[in-house]
Amino acid sequence: MTMEHRFRGSYFETDRRANLKWLLHILTFILHCGFSFEEVRYVLPEEKQRGSVIGNVARDLGLKVAELNARRARVVAEGTSLLCELDTASGNLLINQRIDREELCAQATVCILQYQLLLQNPLQAFSIVLDIADINDNSPVFAAGDIKLDIVESTVLGRRFPLESAHDPDLGTNSVREYKLSQNEHFALEMSPQINGNAYPELVLKKALDREAQTEHILKINGIDGGKPVRSGTASIYIRVLDVNDNVPVFSQRVYKASVLENSPMGTVIAKLNATDFDEGLYGQITFSFTHLSDNSGGVVEINPSNGEVRVGGLIDYEEATSHELGVQAKDGGGQASHCKLIIDVIDVNDNEPVIEIKSASANVAEDSKPGTMVALINIFDLDTGNSGRITCAISDNVPFKFVSEVKNYYMLVTDGMLDRELQPQYNITITASDAGSPPLSSVKVMTIVITDVNDNPPTFTQSEYSVNVLENQPVGTFVFKVKADDTDDGSNAKVLYQISLDTNSELSSFLTINSETGEVFTSRAFDYEQLVHFQIKVSGFIAEDIVPAEAPRGYLVTKVVAVDADSGHNAWLSYRIVRATRSNLFMVDLHSGEIRTLRNFMADDEPKQTLIVLVTDNGRESLSATATVSIMIGDGLPVLSELFEFADESRESNNLTLYLIIALTTVSFLFFLLIGSVFYFKLCRRSYVYRSTTASLPVFPTTYCPSTFTDFSHCGTLLKDDRYDPFLTTGSWRGDFRFGSSTDTDTLKKRSAAYQKNTLRRVSVDRGTLKVRAGAPQPCYVIK
């Protein structure tokens, strides 16, 4: 090879590679364009085994398999039975029922099944088209196993006698392709073409008949299809040789066409066929009959055998078959017959009401949902065609909802305005679907949507001012008055807590204390008229929730859940874990300390209100447990405290676990004996005291836990036992806090011990450094005179 040839070969090779690369880019572009239509089409043969894979929908639609379960993917049908199912573990579309093309589509040229793949959160819908391909699963069949012919002996050579065609439900090459006639000397078999392109067999006389020599001929005809393997059907031909009948019936048309409205009453005349025979007597009497009726035509039409009148004989349904093609035979008394074709077109009428199917619906919608939030997915379709199948949809007037349609026949019901549970807690939305038929038909369905509450209303006091007279020198804990505030929200959002406003003079606020749950105000000091005649305080109503800044980083300390077990030692070791959460990947709880921290930064789609259910279990042989519900609000504009987001050194914690357990056991034992001594001390002294640590390293109780208006009145008889508090110190965290436990006398201590044996878990709403945010601005002050 010369240098020039080598150069040219290299050049052409480079050019060929460039062309291939260009073609690959074109194909990639076409594929991407194909996926943008959000439709996938599969061609599969009928009669495939159940469980067979049709195709991988996830791969073909560019979806991740993990999305299918996460977004509750499912395949739905539109007015037809669902013959396939989605395997969400693999993304494969599987066959779950027997697929018989002939049963589904009769002899239609194309057999298409339309399904939809629905995904939620966010909503997506993809079209799945199954093209059912025919296989050779049916043998040709002659409707009459025996074909009887009467042929006069004077019949001229070359005379043709039409035979009944074999019927094969299969299509294309799998249908009847040829006929074979048994060996004989008088007859041959030839095919006669029809107008519609089909052909039927004809018996051709090749040798003159002699009735005196042979009065009857018996032949076999085989109908053979073109499938692999080949299938065939056989019929017997009985030929009786008659004396002269030299005219056959003749139809006025080779093909008759007629039309009929669907649902026409029985007996309605569709067409009248006409055939003539120039013979006289018996040979001129014509009898009409159908040579073959398909499954869709059987029982639907009937023919009068004497006059050829075709009438409605049953229910004609356009949705079952749009047309009927019938073979008609005219046979005279001498046994000679001719054939024609009758094609009946069915005219659609508006006989189907629109169908309203709710595919997915949210029973509850939060009142703070943004406009455009999807509430329900509704499939509305009509089995009729043309104008009768065109649908218009509407919903109730004066409701903050509307319809949005992005996929044919699928409508999303979305919010179209602001919702307010306090004004309208529930909507009954009437959905009306009407078609454009004449007369139009419509369907109605009512959906009930419940508006769920969010905390969007501040507490409101029933009175703006209270005026109370208090005698001086009354015992500490004397009831003074009770304030009352209402909140129009619902459930936990309407629970109001009370506190003496922090901007009240601390010296004045020390005279009174308030029950945060009931609003009852009690004296906390003895009043002296000579020192103070009257004063004013402010009371605020608020809803307590744990607040975390929206900018909090990973590992930020949100709050701390503390449980106390009256047992000691090994049985008192407690473990915490989250068993349910609004977002499973947003918060974690420390196994031993109960500290709740963030696992990641907050995102825009995170709900502003998070709810956690924390389970605490002890380490006894038969483990006991309790749960607590923690409500957390994500607040904007709150400061992020740097000391609250350091993660503890887990490896170091693990290495020192044994040492911690020993220290914890020793500490619990010490505190137990200290508690026993304190009880006896309180019993003897009958006076209140406040525990203050002399060790500088012990944590200080935050002011957000105990406002200055809270003091100890455990010895006063006017407060309920459930409202009395003693401070104690919790363990398990470097940020130890004071928590409140009940009881100040021996009887109450016994009750508390019994309750603690049941592992009652008390929830503390705010840990160190966390801020409380009121639901609304404080109401006007309350005056005590």
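What percentage of the 785 residues in the protein is buried? The share of buried residues is 40%. This figure, like every other one below, comes from a predicted model. The protein holds 8 helices and 51 strands. Its contacts can be sorted by how far apart the two residues lie in the sequence. Taking contacts between residues at least 6 apart in sequence, 68% join residues at least 24 apart.

With strands on the list, it helps to recall how a sheet is put together. Strands of a sheet pair through backbone hydrogen bonds, and the pairing is either parallel or antiparallel. Two sheets of this protein serve as examples.

One open sheet is made of 4 strands, in the order β25-β31-β30-β27, and its pairing is mixed. The edges are taken by β25, residues 364-366, and β27, residues 391-395. Each of these two has a single partner strand, so one of its sides has no neighbour in the sheet. From one strand to the next, the twist averages 30 degrees. To see one pairing in detail, start at the edge strand β25. It pairs with β31, which covers residues 442-452, in the parallel sense and over 3 bridges. Asn 364 can be used to find the place in the model, as its bridge partner in β31 is Val 450.

Further along the sequence there is another open sheet of 4 strands, this one in the order β40-β47-β46-β43 and again with mixed pairing. Its edge strands are β40 (546-549) and β43 (575-581), and each pairs on one side only. In this sheet the twist averages 35 degrees from one strand to the next. Strand β40 runs parallel to β47, residues 625-635, and 4 bridges join the two. Here the residues to look for are Pro 549 and, opposite Pro 549 in β47, Gly 635.

The next topic is side chains, beginning with aromatic rings. Across the whole structure, a search finds 11 aromatic pairs. One of them consists of Phe 251 and Tyr 256, whose ring centres are 6.4 Å apart. Their planes meet at 75 degrees, and planes over 60 degrees apart count as edge-to-face, so this pair is given that name. Both residues are also buried, a term that requires under 20% relative accessible area. Phe 251 has a relative accessible area of 11%, so Phe 251 is buried. Tyr 256 is at 7% and therefore counts as buried too. Together with Phe 288, Phe 251 and Tyr 256 form one aromatic cluster.

A ring can also have a charged side chain over its face. In this model, Arg 525 lies over the face of Phe 511, at 4.2 Å from the ring centre.

Cysteines come last. How many disulfides does the count come to? The count comes to 1 disulfide. It is formed by Cys 105 and Cys 111, with their sulfur atoms 2.0 Å apart. The limit for a disulfide is 2.5 Å between the sulfur atoms, so this pair qualifies. The angle about the S-S bond is 60 degrees, and the link of Cys 105 and Cys 111 is right-handed. Both Cys 105 and Cys 111 are buried. The same test can be applied to other cysteines. Cys 84 has 1% relative accessibility and so counts as buried. Cys 340, at 6% relative accessibility, counts as buried as well.

Conventions: Residues are numbered from 1 along each chain as its sequence is written. This is a predicted model: local features need pLDDT of at least 70, side-chain atom pairs count only at pLDDT 80 or more; totals for chains, interfaces and linings use all residues. Side-chain values use heavy atoms; hydrogens and water are left out. Two strands pair if DSSP finds at least two bridges between them. Axes are lines fitted to C-alpha atoms, for helices over the stretch in contact, and angles run from 0 to 180 degrees between N-to-C directions. Rings of Phe, Tyr and Trp (its six-membered ring) pair if their centres lie within 6.5 Å; planes under 30 degrees apart count as stacked, over 60 as edge-to-face and the rest as tilted. Buried means under 20% relative accessible area, exposed over 50%, partly exposed in between (1.4 Å probe, protein chains only). A charge sits over a ring if NZ of Lys or CZ of Arg is within 6 Å of the ring centre and within 35 degrees of the ring normal. Contact means heavy atoms within 4.5 Å.
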